[in-house]
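Please walk through the charged side-chain pairs of this protein, and then through the surroundings of its ligand.

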Amino acid sequence: MSITITAFEKSPDGGKGLARDTRVRWALEEAGLPYEVRLVSPKAMKEPAHLRLHPFGQIPTYEEDGLALFETGSIVFHIAEHHAQLLPRDAHARARAITWMFAALNSVEPPILDLVTVRIIEGDKPWSKERTPLVQERIRQRLHQLAARLGDAEWLDGAFSAGDLLMVSVLLRLRPSGMLDEFASLAAYVAQGEARPAYQRAFAAQLAINAA
Ligand SMILES: N[C@@H](CCC(=O)N[C@@H](CS)C(=O)NCC(=O)O)C(=O)O
């Protein structure tokens, strides 16, 4: 099986692992699957060849023996389907792990992305300062709820799964804001994800490109 993913030629975060190819690399590393990376420039991402792979002109994409995918949720799910390290075999445990994948992408990531939007993309707009505390409150509410569910467990539902992989990945995006540190148990949960050897390899691989 030959796998190729795409990543930014130069990630805007300079290699902090926040670009979404990192979560795909992490899943591939957890599954022990070798992969190639094709780097794309901002211009190439919007050109027909890349748009055939990704209708929205973004990264990452995933190609495997004639199959082309986009959207990290779908890509991680595809990788996880065949690897018990990422999705348990028990039907109920598997369905719950998939639920956490959706929760990470649909319920936790959106308010976190709103903060990036209001602070960076709309940072020069007159409403930005006024809107920021509202967005932060929405994030805090979600994090309180998530921390309550996690309690003092190691992972969200038993053993580490693709649900944790995506949840840790979206929570990592909060680190630059300092808000993650307001929730000690979630900060520890994220640190535990980052400490996994597969994450370390994924992080190092994307850093090697961006630090060069
Ligand atoms: N929902 C998509 C989001 C993909 C996305 O936003 N990718 C970013 C990089 S992390 C991107 O390509 N940004 C450049 C652009 O949109 O032009 C996913 O999870 O794959």
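**Salt bridges and the ligand site**

Lys-43 counts as exposed because its relative accessibility is 60%, and the cut-off for exposed is over 50%. This assignment comes from a predicted model. The partner of Lys-43 is Glu-47: the two form a salt bridge in which the closest N and O atoms are 2.8 Å apart. Glu-47 has a relative accessibility of 32%, so Glu-47 counts as partly exposed. That value falls between the limits of 20% for buried and 50% for exposed.

Side chains of opposite charge can pair when their charged atoms come close. The structure holds eleven salt bridges, and the pair of Glu-47 and Lys-43 is one of them.

Another salt bridge links Glu-194 to Arg-175, with 2.7 Å between the closest N and O atoms. Glu-194 belongs to helix H8 (residues 184-194), while Arg-175 sits in the loop between helix H7 (162-172) and H8, so this pair ties together parts that are 19 residues apart in sequence. Glu-194 counts as buried because its relative accessibility is 16%, below the limit of 20%. Arg-175, at 38% relative accessibility, therefore counts as partly exposed. Elsewhere, Arg-20, Arg-23 and Glu-109 are joined into one network by salt bridges that share partners.

What is the setting of the salt bridge between Arg-25 and Asp-21? Both residues lie in helix H1 (residues 21-31), and they are four residues apart, about one turn of the helix. Their closest N and O atoms are 2.8 Å apart. Arg-25 is buried, and Asp-21 is buried as well.

The ligand comes next. Which residues surround the ligand? They are Phe-8, Ala-19, Arg-20, Met-45, Lys-46, Gln-58, Ile-59, Glu-71 and Thr-72. Arg-20 thus appears in this list and also in the salt-bridge network with Arg-23 and Glu-109.

Several of these residues place N or O atoms close to polar atoms of the ligand. In the side chain of Lys-46, an N or O atom is 2.7 Å from an oxygen atom of the ligand. The side chain of Thr-72 has an N or O atom 2.6 Å from a ligand oxygen atom. For Ile-59 the contact is through the backbone, where an N or O atom lies 2.8 Å from a nitrogen atom of the ligand. Taken alone, the ligand exposes 510 Å², and the protein buries 76% of that area. The space that the ligand takes is the largest pocket.

Technical notes. Residues numbered from 1 in each chain as written. Predicted model: local features only at pLDDT ≥ 70, side-chain atom pairs only at ≥ 80, totals over all residues. Heavy atoms only, no water. Salt bridge = Lys/Arg side-chain N within 4 Å of Asp/Glu carboxyl O. Helix = DSSP H or I, 4+ residues; strand = E, 2+ residues; numbered from the N terminus. Buried < 20%, exposed > 50% of the residue type's maximum accessible area, 1.4 Å probe, protein only. Near = heavy atom within 4 Å. Polar contact = N/O pair within 3.5 Å; in protein donor to acceptor, adjacent residues only side chain to side chain. Areas by Shrake-Rupley, 256 points an atom, 1.4 Å probe, with all protein chains shown as cover. 1 Å grid on protein atoms, 1.4 Å probe; cavity = no way out; pocket = protein on both sides within 12 Å on 5 of 7 lines; lining within 4 Å. Sits in = over half its atoms within 2 Å of the grid points.
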